[in-house]
Structures are given as C-alpha cells and as structure tokens.
Amino acid sequence: MEKRYFSIAEVQKHTTVDSCWIIHDRRVYDVSTFIQRHPGGEQMIVQRAGRDVSRDMAGPPHRHSPNAQRWLQQYYIGDLEEEKEEFALKQQAVRERSAANRASNSVMDARCKSVDPDNDLVDWNKPLLWQVGHLREKYDEWVHQPVDRPIRLFYSDFVEACSKTAWYVVPLVWTPLVIFFSWYYYTELAEGKTLLFTSITSEYSIPVHKYCFPFLFLFGMFLWSLVEYLIHRYLFHMKPPASNYYLITLHFMLHGQHHKSPFDGSRLVFPPVPASLVVALFLAAFHFFAPGAVGKSIFVGGLCGYVIYDMIHYYLHYGSPKKGSYLYGLKAYHVKHHFEHQRLGFGITSQFWDYPFHTVIPEEIFEKSH
C-alpha cells in the first residue's frame, strides 16, 4: 500500500469527536474510533486534536507505557508532508542495508519482524483458540501485547456466537432472577422455619429472622468481591507452562483473549450460557454448606455482585467517567493493569483486596505513568 502524506493544514481540519486526527513523531493517526475508550476521557484527546501529542505522551505527568505506544500504531494513516523527501532517502538507505544483510545472512532474525497483525505469530484469518497453544514460550509475551481488532475463537458459527454477548444481555438475564430469588428467599425466611445450627449434633439452634435477609444479601456481595479477586488473579492470570498446549488454550479462552483484544466489545462480559453453569455450581455449593434460605440468601447477594462487576468492567473499557470520580480512578487503575502491570491490580469493582494480597499497583508508579 502506498504511503500517504498530509499537510498540517489537512490534519487540523480533523478536530471533532467524529473525525479526530493527531500527530506523534511526525506520523499522523486517525483516533476517531478510540477517543471514547481513552482512559483519561475523550476530551483529553479532542482538546489536542490536530496537533502533535509527542510531548503529552512522553510525560510528565502522563507518561504512556510501551503498550500504549504500540497500541497507537493501529491508527496510523500516513506521515506529515514535510517529511516526504527525507523519508524517501531513509527508505533508500534501509533498502540498501537490507540488501547487504541478505547477501551475508540467508536467514533473518525472527526478533526483527515488524509488529504487523497480518504477519503475526498467529493467522488472524482463522480461529485463534486452536493456534495459541503452539506459541509455547512466546505465548505470555504475545498475549500481553494488545491489539484493537475482534477475535474469533471457534470454527463453528453457533459456538462462536455463544462465546459472545452484548453488555445489556447480562442485566436482562440476571437482574430478574436476582429480584425473584430475593423475594423467594426473603419469603422463606419470613416463615420462621429456618434454623442456624450451632453444633454438629444440632442440639442448639438459632432461628434466622426475615430481617436478616439484607445482611445476608450484603455479605454475599462482599463475598463475591473476594471471589472476583481470586478468580481474576489465580485462574484468569495463571501462567500456563510453555510446554502445555491445553493449559495455554484454556487460559486464552478464559481471559487471554481479553488481554489480547481488550476493546472487543462482544467479549467484555460473561456470556449467559457458560455463566449459567457457573451460577448453578455456586448455588449448589451454598445450598450444601449453609442451611436452607441462609445460604441461598448469601448466594443471591453474590449473584447481584456479579452483575455489578460485569457492568463496571464493561464501563471501565468503554465509559468516560468524570475526572476525579471513583469510576475515573478505577478506569485508570484497570487500564494500567492491561497495558503495563499485568501481574498487579486484580481488583475490578474496587482495589480493596489488592491491599491484603499485596498486589496493588504502587502509588508512585500509578501516578507517574497512568
């Protein structure tokens, strides 16, 4: 494809939300499709539209990570016109050096490959799920180099469709169930037949009043926040052995695909079909470990916590929270987790559990580079 060149006057014509161009290192980028996802809010980009953002990205105070720099390259559309002649000379020198290298080396070092989705370690024209296991020791680095393009996992159109979902499907499916189960378990507690045993022999027991339901519900939400953290850290961020094809494949299906393409809107929430199996498993566990409506009241609180978690997670990727708000801090924190500190910052709805588990992103690093 022939390289395009733009004058500064042409770039400065694109300064709106619908058509937003910026310059970085004398290269021109059309970031119109990205500004809504920008962790600092769309206004931070719109205010700089049509001009050079090199200094802004280098910081301080907002030094952008190498992954953010790499992410920008996906929106490249051409160079500034003033550099056309100089660029041609540089390209000629590169071609001459390449010819000299080919004369002395028959094999090119694989590490010199350009980061190009069309020439990646995987074939993007085929489902990725069956390919990633073959990356072996290259998988961990590859999966944490995010791209802005949709991912296909399965060959089957039906299975592929089941692996995706729009964000609004989650509250549509689960909110009515939260309301129904809340009413049902509250009514069950109101009958006064639910007893909490204080010994194995059931010799002593305490009746559980219906007014305990709100506290059991809130405890379930709190318990979910811990489950959310543990799943995210120990399951979603397990580091599969390079030699194990199946664990790499499992990791990519569960969470790796989200880190590879963090703005694939169809994969930001948990699809109802597999989610229903997990929900049923949790319901059975609570029914087994806690008597009657007590365990199920805790369960429905946890289910509500899950719905809130999925909605917040989607908003952290696509929303534009007001600067200084709680969600603004969460969004910046989560973006740091994706682009720079993948082994830290596992909290989604809050940073609470990151503190006792010592995985909080250090404040000085967070402030310096987000």
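Tutor: Two rings of Phe, Tyr or Trp (its six-membered ring) pair if their centres lie within 6.5 Å; planes under 30 degrees apart are stacked, over 60 edge-to-face, the rest tilted. This is a predicted model, where local features need pLDDT of at least 70 and side-chain atom pairs pLDDT 80 or more, while totals for chains, interfaces and linings use all residues. Residues count from 1 along each chain as its sequence is written, and side-chain values use heavy atoms, without hydrogens or water.

Student: Okay, rings first. Which residues do ring pairs link into a cluster?

Tutor: Ring pairs can join up into something bigger, and here they make a cluster. Two of its members are the tryptophans W71 and W167. The full list is F34, W71, Y75, W167, Y168, F263, Y314, Y318 and F339.

Student: And how many aromatic pairs does the structure hold?

Tutor: Let's look at one of them on the way to the total. Y186 and F213 have ring centres 6.1 Å apart and planes at 80°, so they sit edge-to-face. That pair links distant parts of the chain, 27 residues apart, with Y186 in helix α8 and F213 in helix α9 (residues 213-236). Count up the aromatic pairs and you get 34.

Student: How does each partner sit: is Y186 buried or exposed, and what about F213?

Tutor: Buried means under 20% relative accessible area, exposed over 50%, and partly exposed in between (1.4 Å probe, protein chains only). Y186 has 31% relative accessibility, so Y186 is partly exposed. F213 comes in at 10%, so for F213 the word is buried.

Student: F286 and F299 pair up too. What is the angle between their planes?

Tutor: Their centres are 6.4 Å apart and the pair is tilted. F286 belongs to helix α11 (residues 272-289) and F299 to helix α12, so this pair ties together parts 13 residues apart in sequence. F299 counts as buried because its relative accessibility is 5%. The planes of the two rings meet at 55°.

Student: Now charges. How many salt bridges are there?

Tutor: A salt bridge puts a side-chain nitrogen of Lys or Arg within 4 Å of a carboxyl oxygen of Asp or Glu. One joins R51 and D56, at 3.6 Å from N to O. R51 is partly exposed because its relative accessibility is 37%, and D56 is partly exposed too, at 27%. In total, the structure holds 10.

Student: K296 and E188 are a pair as well. How many residues apart in sequence are the parts they tie together?

Tutor: The closest N and O atoms of K296 and E188 are 3.9 Å apart, which makes a salt bridge. K296 is in helix α12 (residues 292-318) and E188 in helix α8 (residues 169-190), so parts well separated in the numbering get tied together: their distance in sequence is 108 residues.

Student: Which residues share a salt-bridge network with D264 and R267?

Tutor: Start with D264 and R267 themselves, whose closest N and O atoms are 3.7 Å apart. D264 is buried because its relative accessibility is 9%, and R267 is buried at 7%. Salt bridges with shared partners bring in two further names, E160 and K164.

Student: Last one: in strand β2, which residues are buried?

Tutor: Helices (H or I, at least four residues) and strands (E, at least two) are DSSP runs, numbered from the N terminus. Strand β2 covers residues 21-24, and both of its faces are covered. The buried residues are W21 and I23 on one side, and on the other I22 and H24.
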